[in-house]
Amino acid sequence: MKTNNCNEKGTTDCCCCIMRCPICFKCIRCPDCPECPECPDCPECPKCPDCPECPECPKCPDCPECPDCPKCPDCPDCPKCECPCVSKGQIIKNGGMEMFDGNVPTAWTAVGRVLRETARGRVHSGNSAVAIYNDAALSQIVPIEGGCFYELSFFGHGEGANVGLTATVTFLSADDSEVGLEIFVLHGDIPTSNRQFSFYNGITTRAPIGAIKAEIAFSVTSNGEQNLILDDVSFSVQ
Ligand SMILES: [Ca+2]
């Protein structure tokens, strides 16, 4: 490792892992050196080895929150960057299934038979949960930012041993859709004892850049009057 001052006149080698730019003859970072995260000695050098989108920006930092973002937020030459993948908290509405409009939880859309469940031992938290019966589905469409990862989680309880569940996150673009996450739970694998719920969660694939919404859907198959009790659904930027 060389320790000479790279700014010294007449020096041909740069210090540490910094090397001379063959074009401008100022110091630049060696692109392959992991020990040299910044180049404080040559802030004016027009090279920026680690920033493929801003090859002429001398102070273009990595943008780990939004690697697909075409701009860098702190770069004066790229002022339009907005990193979308910063959590804004809970995205889903009424995930706790506490508010109902008739038999359907507020902000959700039901296909088939769903009911408000308030019996002790059949609610995970709060005063109510939702029971989803055979061949029924419950869904909600929420706004999202393309290019981000999202986490879905929920608590489930089976009213009967023969209850199966599929939870799906589908990203929606203006003219396209793409499944970003599926969680399958086979019949018999959901706890059925009173006050027993399983916690399920998963992280989506990266939302397509053009995606503007996501549909979170729960589909149930069961025998007869058996049903899934769903409560405390959460969806947020991962
Ligand atoms: Ca609840």
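Okay, one definition before anything else: when I say two strands pair, I mean that DSSP finds at least two bridges between them. And keep in mind that what we're looking at is a predicted model.

So, the overall picture. We have 0 helices and 14 strands in this protein. Reading from the N terminus, it's β after β, right through to the end. Of its 238 residues, 29% count as buried. And if you take the contacts with a separation of 6 or more, 57% of them are between residues 24 or more positions apart.

Let's start with the pair that E6 makes. Strand E6 lines up antiparallel with strand E7, residues 129–133, and 4 bridges hold that pairing. If you want one spot to click on, go to Val114: its bridge partner in E7 is Ile132.

Now zoom out a bit. Those two strands belong to an open sheet of 5 strands, in the order E6-E7-E14-E9-E12, with antiparallel pairing. Which strands stand at the edges? That's E6, at 114–117, and E12, at 198–203; each has a single partner strand, so one side of each has no neighbour in the sheet. On average, neighbouring strands here are turned by 30 degrees against each other, ignoring direction.

Okay, on to the core. The largest nonpolar core has 35 residues. Ile132, the partner of Val114, is among the residues with the most contacts inside that core, along with Val130, Tyr150, Leu228 and Leu230. Which elements give two or more residues to it? Those are E7, E9 at 150–159, E10 at 163–172, E13 at 213–222 and E14 at 227–237. The largest share is from E10, with 6 residues.

Let me stay with Tyr150 for a second. What does it touch, once you leave aside its neighbours within four places in sequence? The list includes Ile144, Val169, Thr204, Ala207 and Ala214. Then, further along the chain, Tyr150 also contacts Phe235, Ser236, Val237 and Gln238.

Last stop, strand E8, which is residues 137–143. E8 pairs antiparallel with E5, residues 109–111, over 3 bridges, and you can see Thr109 standing opposite Ser139 there. E8 also runs antiparallel to E13, this time with 7 bridges. A good place to look is Gln140, which stands opposite Ile216 in E13. And E13, remember, is one of the elements giving two or more residues to the core.

That's my tour, so let's open it up and spin the model around.

How values were computed
Residues are numbered from 1 along each chain as its sequence is written. This is a predicted model: local features need pLDDT of at least 70, side-chain atom pairs count only at pLDDT 80 or more; totals for chains, interfaces and linings use all residues. Helices (H or I, at least four residues) and strands (E, at least two) are DSSP runs, numbered from the N terminus. Axes are lines fitted to C-alpha atoms, for helices over the stretch in contact, and angles run from 0 to 180 degrees between N-to-C directions. A nonpolar core is a set of buried Ala, Val, Leu, Ile, Met, Phe, Trp, Tyr and Cys residues joined through C-beta atoms within 7 Å. A residue is buried if 20 or more other C-beta atoms lie within 10 Å of its own, exposed if 12 or fewer, and partly exposed in between; C-beta atoms are placed from the backbone. Two residues are in contact if their C-beta atoms, placed from the backbone, lie within 7 Å.
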